[in-house]
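Visitor: Please take me closely through one part of this model, and set out which residues touch which, and how the pieces around them are arranged.

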Amino acid sequence: VQGTAAPTKNKLPTLISAMETTGAKALEEFADSIKNDPDKEYNMPKDGTVHELTSNAILFLQQLLDFQETAAAMLASQVLGDTYNIPLEPRVSDSSTLSHSSEFSRKLLSTYVCEVLGNLQGNLLSKCRVYEDPALGCIFLLNNYNYTLKALQRSELLQLVEVTQPNLERTYEELIDSQLQSYRRSWMKVLESISDRNMPVLTPGTKLKDKERQVIKDRFKGFNEGLEELCRVQKCWAVPERELRERLRQEGKKMLLNSYLGIFSPRYGSVPFTKNPGKYVRFRSEQVAEMIDRLFDTSA
């Protein structure tokens, strides 16, 4: 500012303050846009993949890391206006000192990033209800939560958010575990068909009654049709991240292979309940595993 007239120099603090206020407003508008993004069917990925809102939000936050001092100065102007509820220490209670407080700046940025992530999580929960199939809603949340967690872990964002929310990483892991638990329910119909509930008691040397043979036939038929339908539907769902995709497949294998091939098929498939066993006992362990390995693979 050398050579600048004194009246112009005197205007600079006001100009800088106005720019900081404008920047802070833009940051808040972005946070609000994440919160209020419409949850309409046309705006949703049909295969449950990561939503554009998530990738855009994470990209914005990652880019914000390159301008931490500037962003902190913008947010500081709003702190002094009581927008953020962060206690001001006496030694950093004026604007000039506040701007140079590294610790305080990180608190401000951490609070803002957590606000955006909280808005994103709330919006995603609302969006997942658009799906008619609850299991696809679970896949959608799994993809988006997992994408967010991995992005935090790969960058400085995780260290930044932990300034004010030290357990955020664990929170996302719990969100993912919760959705995995909910997703497992999509397999319940298939598993119920091969449970021991209401199955005939097999006594060696005793001939099966017609009703008992029909029960066994119906159960095998229910399993075959249920497995084929589930695999047909979920094969078209997307899980882009390899580790999560494998985790979901292993969950399916563990549930099915243990129940069907470990107990049900050996126990009931070997009794003479039909003259055409190949019509009902259709799947071997390798076939079931191969079918599950094609889940979430839109290229298969």
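Guide: Contact means here that heavy atoms lie within 4.5 Å of each other. With that cut-off in hand, a suitable place to begin is Val161, a residue of helix 7, which spans residues 157–161, with the reservation that the whole model is predicted. Val161 has a relative accessible area of 0% and is therefore buried, since that term applies under 20%. Setting aside residues up to four places away in sequence, Val161 touches Ser110, Val113, Cys114, Leu117 and Leu168. Distance along the sequence is a poor guide here, for Val161 and Thr111 are 50 residues apart in sequence, while their C-alpha atoms are 7.2 Å apart in space.

Two of the residues that Val161 touches, Val113 and Leu117, lead to helix 5, where they also take part in the packing against helix 2. Helix 2 covers residues 52–64 and helix 5 covers residues 102–128, and the two pack at an angle of about 175 degrees with their axes 11 Å apart. Because angles over 145 degrees count as roughly antiparallel, that is the description that applies to helix 2 and helix 5. On the side of helix 2 the contact is formed by Leu53, Thr54, Ala57, Ile58, Phe60, Leu61 and Leu64, and on the side of helix 5 by Leu109, Tyr112, Val113, Val116, Leu117, Leu120, Asn123, Leu124 and Lys127. Sorted by class, these residues comprise 13 nonpolar, two polar and one charged.

Leu109, one of the contact residues just listed for helix 5, deserves a closer look. At 3% relative accessible area, Leu109 is buried. Apart from neighbours within four places in sequence, Leu109 is in contact with Leu64, Gln68, Ala71, Ala72, Leu75 and Leu160; Leu64 among them is also named in the contact of helix 2 with helix 5. Leu109 and Leu75 are separated by 34 residues in sequence and by 7.7 Å in space, C-alpha to C-alpha. Another residue of helix 5 is Ser126, which is partly exposed, with a relative accessibility of 26%. Ser126 and Pro38 are 88 residues apart in sequence, with 9.2 Å between their C-alpha atoms.

Helix 2 also has helix 6 as a partner, and there the geometry is of another kind, with axes that come within 10 Å and cross at roughly 15 degrees. Since angles under 35 degrees count as roughly parallel, helix 2 and helix 6 are described in that way, and helix 2 passes helix 6 in a right-handed crossing. Thr54, Ser55, Ile58 and Gln62 of helix 2 make this contact with Asn144, Tyr147, Thr148 and Ala151 of helix 6. The residues involved are three nonpolar and five polar, with no charged residues. Thr54 and Ile58 appear in this contact and also in the contact with helix 5.

Helix 6, residues 134–154, packs in turn with helix 8, residues 168–183, at an angle of about 160 degrees and with the axes 9 Å apart. That angle makes helix 6 roughly antiparallel to helix 8, and the crossing between them is left-handed. From helix 6 the contact draws on Ala135, Cys138, Ile139, Leu141, Leu142, Tyr145, Asn146, Thr148, Leu149, Leu152 and Gln153, and from helix 8 on Leu168, Glu169, Tyr172, Glu173, Leu175, Ile176, Gln179, Leu180, Ser182 and Tyr183. By class there are 14 nonpolar, five polar and two charged residues in this contact. Thr148 belongs to the contact of helix 6 with helix 8 and to its contact with helix 2, while Leu168 of helix 8 is one of the residues touched by Val161, which brings us back to the starting point.

As for the setting of this part, the protein chain contains 13 helices and zero strands. Of its 300 residues, 41% count as buried. Among contacts between residues at least 6 apart in sequence, 78% join residues at least 24 apart, and the pair of Val161 and Leu117 illustrates how such contacts look at the level of single residues.

Technical notes. Residues are numbered from 1 along each chain as its sequence is written. This is a predicted model: local features need pLDDT of at least 70, side-chain atom pairs count only at pLDDT 80 or more; totals for chains, interfaces and linings use all residues. Side-chain values use heavy atoms; hydrogens and water are left out. Axes are lines fitted to C-alpha atoms, for helices over the stretch in contact, and angles run from 0 to 180 degrees between N-to-C directions. Helices (H or I, at least four residues) and strands (E, at least two) are DSSP runs, numbered from the N terminus. Angles under 35 degrees count as roughly parallel, over 145 as roughly antiparallel, 65 to 115 as roughly perpendicular and the rest as oblique. A crossing is left-handed if the near helix is turned anticlockwise from the far one by less than a right angle, and right-handed if clockwise. Ala, Val, Leu, Ile, Met, Phe, Trp, Tyr, Cys and Pro count as nonpolar, Asp, Glu, Lys and Arg as charged, and the others, Gly among them, as polar. Buried means under 20% relative accessible area, exposed over 50%, partly exposed in between (1.4 Å probe, protein chains only).
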